[in-house]
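Got the viewer open? Here is a short walk through the model, one selection at a time.

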Amino acid sequence: MSHNMKDWLDDLRLAIMFLTRLPIPHSDGVVNFQRAMRVFPLVAAGIGLVMGLVQLGLLRLGLPALAAAALTLGASALLTGALHEDGLGDTADGFGGGRDTAAKLEIMRDSRIGTYGTLALMVSFAAKLAALAALPPAFVIPGLVATHALARSPLPAMAVLLPPARSDGLSVTAGTPDQATAITAAAFGFVITLICLPWSAAFAAIVATILAAAGMGWLARRHVGGYTGDVLGGTEQVCETLILLLLAARLS
């Protein structure tokens, strides 16, 4: 096996370990997390595929669309360990409750959830629930595959363009990806979206994702001076929610 192919397989293994709770064996070699971010959209597409199969299976059993969507979102949280939902809650608590940068970062590190985080998660869950329930069955799988792949595609670019907000934590220990990683991840997300969705919906979803990621990047720089792991997780959730709402509006 060539070194290049081994690198891609190592990246996929590491990305699956990070983005899901699947029991993947550890690699014997040196892991390269910043490089592995280039395949986040590929692993996320697999997460979207699993969610789509769950949603369609529950609908086939005769469950109401809202009940099926709620259980599908619950299954997604089990599969991913609610990794990005945790980031959204911590980001909302920190940005909403801290008086200065140090206080905001300290709140974001606190494992307890506050009022802002609770409200952000409730709004995000309710919006995704309604949007997923409104998707026509024919678009459930392609819509969820595209949504999950696209929502994770801007995260490496944010890590390239923004400085770490902390001197420690995941954003520092994981290292900063290079521009090639950011471009590759974005390309994977855009291509998967263009393959899965009608072109007008795909372009609208891509534009919405770029604007949402840019907005979250602006907020992160304004509130804490850069990005953290929670900021990236919160960005994924904002993008995921916006894309699902957009698809529900255009395809239902």
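Start by selecting Q55, which is buried with a relative accessible area of 1%. Keep in mind as you go that this is a predicted model. Q55 sits in helix α3. Which residues does Q55 touch once its neighbours within four places in sequence are left aside? Show A65, A68, A69, T72, L132 and V140, and you have the contacts of Q55.

**Along α3**

Stay in α3, which covers residues 40-60, and pick G52, another residue of this helix. G52 is buried, with a relative accessible area of 0%. Not counting residues up to four places away in sequence, G52 touches V140, I141 and L144. For a sense of scale, draw a C-alpha to C-alpha distance from G52 to G89: the two are 37 residues apart in sequence and 25 Å apart in space.

Next, go to L56, also placed in α3. Is L56 buried or partly exposed? At a relative accessible area of 24%, L56 is partly exposed, because buried means under 20%. With neighbours within four places in sequence set aside, L56 is in contact with P137, V140 and I141. Put a distance label on the L56 and P137 C-alpha atoms: they are separated by 6.9 Å, although the residues are 81 apart along the chain.

V140 is worth keeping highlighted here, as it appears among the contacts of Q55, of G52 and of L56.

**Two helices crossing**

Now hide α3 and show α5 and α13. They pack at an angle of about 110 degrees, with their axes 7 Å apart. The two helices are therefore roughly perpendicular to each other. To see the contact, select H84, E85, D86, G87, L88, D90, T91 and F95 on the α5 side, then D230, V231, G233, G234, E236, Q237 and V238 on the α13 side. What classes of residue make up this contact? Colour by class and you should find four nonpolar, six polar and five charged residues.

**Salt bridges around K128**

The structure holds nine salt bridges, and a good one to open with starts at E85. The side chains of E85 and K128 meet in a salt bridge, at 3.9 Å from N to O. E85 lies in α5 (residues 83-97) and K128 in α7 (residues 115-134), so this pair ties together parts that are 43 residues apart in sequence. Both E85 and K128 are buried.

Leave K128 selected and add E240. These two side chains also meet in a salt bridge, at 3.5 Å from N to O. K128 belongs to α7 and E240 to α13 (residues 229-251), so here the pair ties together parts that are 112 residues apart in sequence. How buried are the two partners? K128 has a relative accessible area of 4%, and E240 counts as buried at 3%.

While salt bridges are on display, select D7, D11, R35 and R38: salt bridges that share partners join them into one network.

**A pair within α1**

Move to D10 and R13, whose side chains meet in a salt bridge at 2.9 Å, N to O. Why are these two about one helical turn apart? They are three residues apart in α1 (residues 3-19), so about one helical turn separates them. D10 counts as buried at 16% relative accessibility, whereas R13 is partly exposed at 27%.

**Last stop: the cysteines**

Finish by showing the sulfur atoms. How many disulfides are there? The count comes to zero. Select C196: it is in no disulfide, and the nearest cysteine sulfur, that of C239, is 17 Å away. A disulfide calls for a pair of cysteine sulfur atoms within 2.5 Å, so C196 and C239 do not qualify. Looking from the other end, C239 is in no disulfide either, with the sulfur of C196 its nearest at 17 Å. As for their surroundings, C196 is partly exposed at 22% relative accessibility, while C239 is buried, with a relative accessible area of 1%.

Notes. Residues numbered from 1 in each chain as written. Predicted model: local features only at pLDDT ≥ 70, side-chain atom pairs only at ≥ 80, totals over all residues. Heavy atoms only, no water. Buried < 20%, exposed > 50% of the residue type's maximum accessible area, 1.4 Å probe, protein only. Salt bridge = Lys/Arg side-chain N within 4 Å of Asp/Glu carboxyl O. Helix = DSSP H or I, 4+ residues; strand = E, 2+ residues; numbered from the N terminus. Axes fitted to C-alpha atoms, helices over the stretch in contact; angles between N-to-C directions. Parallel < 35°, antiparallel > 145°, perpendicular 65-115°, else oblique. Contact = heavy atoms within 4.5 Å. Nonpolar A, V, L, I, M, F, W, Y, C, P; charged D, E, K, R; others polar.
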